[in-house]
Amino acid sequence: MASHNLAHIKIDDLEIIGYSVAGEETVVAVPQLDVCFDVGKAPDQIISINHVLLTHGHMDHAAGIAYYLSQRNFCGQSAGTILAPKNLLGLIREIIDAWSRLDGNQIPANLVGVKPGDEYQIKPNLFARVFPTKHTKGSVGYSVIEKRKKLKTEYLGLTSPQIVELKKQGIQIDYPLELPIVTYFGDTQYADFSQLEYIVNSKILIAECTFYEGEHTERAEAGKHMHIDEFARLLNKLNNEHIIITHTTQRTPMRDIRKILKESLSKDIYDKVILFMDKRLRR
Ligand SMILES: [Zn+2]
Ligand SMILES: [Zn+2]
């Protein structure tokens, strides 16, 4: 039986599964892209995903690392890959080593330190691009981007033998095209993410918006989290087709969050918004 009752969203051919409540646990996986953003408690449903993309070291986002790696080993799977901010890599290695000694079995791990601007290849045409967030020292977010080659318009009407001939002559007939599929902020206070074009045009945005009530503005500031007033301002500058809100506070009931979202966002933006924790299967 599955260990967690996870939220479940389907957008075209992609599923987004996970759980995300501020201060409790955050884990957001996209199995078809083979990535899991953060790993609060490593639910069973994400163990077979090969890449964990860690945004920062807070316990509710990172405590599942050792369990994730160890379960993969137990089930005979290859070592999991963990992308994490470079400044955290030494500590993560220490935790895995300590758990290996405690457990009596060496836990295999492929640890990759990342910093803003880095790219990591997930699949032949799929890359995770790293950008900075404003939460803890070295904290980052990730965009998963598909890279394709597209035929230049002037060659669109050609037959395949003609194309082969041009290639033989060494003529560049295509150009690179980037399709940002999903962007995950992790925890962050407001930053002008509209400066990054691949975030603006990411098909799916998975963003934290922790606080909603007027009197929670200071809490957002102190914890370096987003408040709805700032989030609404940010969304006006982005073009995402789907916006999934994670990391909602337990201080405000979900029905109030829904109501405040509706009041704070324009109708066309509100219609694109999905509250992640609303999407759990009843059982
Ligand atoms: Zn958090
Ligand atoms: Zn945090």
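Accessible areas here come from the Shrake-Rupley method with a 1.4 Å probe, and for residues only the protein chains shown count as cover. This is a predicted model, in which local features need pLDDT of at least 70, side-chain atom pairs count only at pLDDT 80 or more, and totals for chains, interfaces and linings use all residues. Residues are numbered from 1 along each chain as its sequence is written, and side-chain values use heavy atoms, leaving out hydrogens and water.

**View 1. The surface of the protein chain.** Welcome to the outside: the accessible surface comes to about 13900 Å², and 51% of that belongs to carbon and sulfur atoms. Buried residues (under 20% relative accessible area, 1.4 Å probe, protein chains only) make up 51% of the 283 residues.

**View 2. The largest nonpolar core.** A nonpolar core is a set of buried Ala, Val, Leu, Ile, Met, Phe, Trp, Tyr and Cys residues joined through side-chain atoms within 4.5 Å. Of the 56 residues in this one, I16, L33, F37, I65, Y68, I206 and I244 touch the most other members. Its largest share, 5 residues, comes from strand 2 (residues 14-21); strands are DSSP runs of E, at least two residues, numbered from the N terminus.

**View 3. The surroundings of I206.** Zoom in on I206: leaving aside residues up to four places away in sequence, I206 touches I16, V28, F37, V182, T183, Y184, F185, I244 and T246. Contact means heavy atoms within 4.5 Å.

**View 4. A second core.** Separate from the largest core, a second core of 29 residues includes V200, I243, L261 and L275. In soluble globular proteins, nonpolar side chains tend to be buried together.

Note on methods: Chains lettered and ligands numbered in written order. Buried < 20%, exposed > 50% of the residue type's maximum accessible area, 1.4 Å probe, protein only. Helix = DSSP H or I, 4+ residues; strand = E, 2+ residues; numbered from the N terminus.
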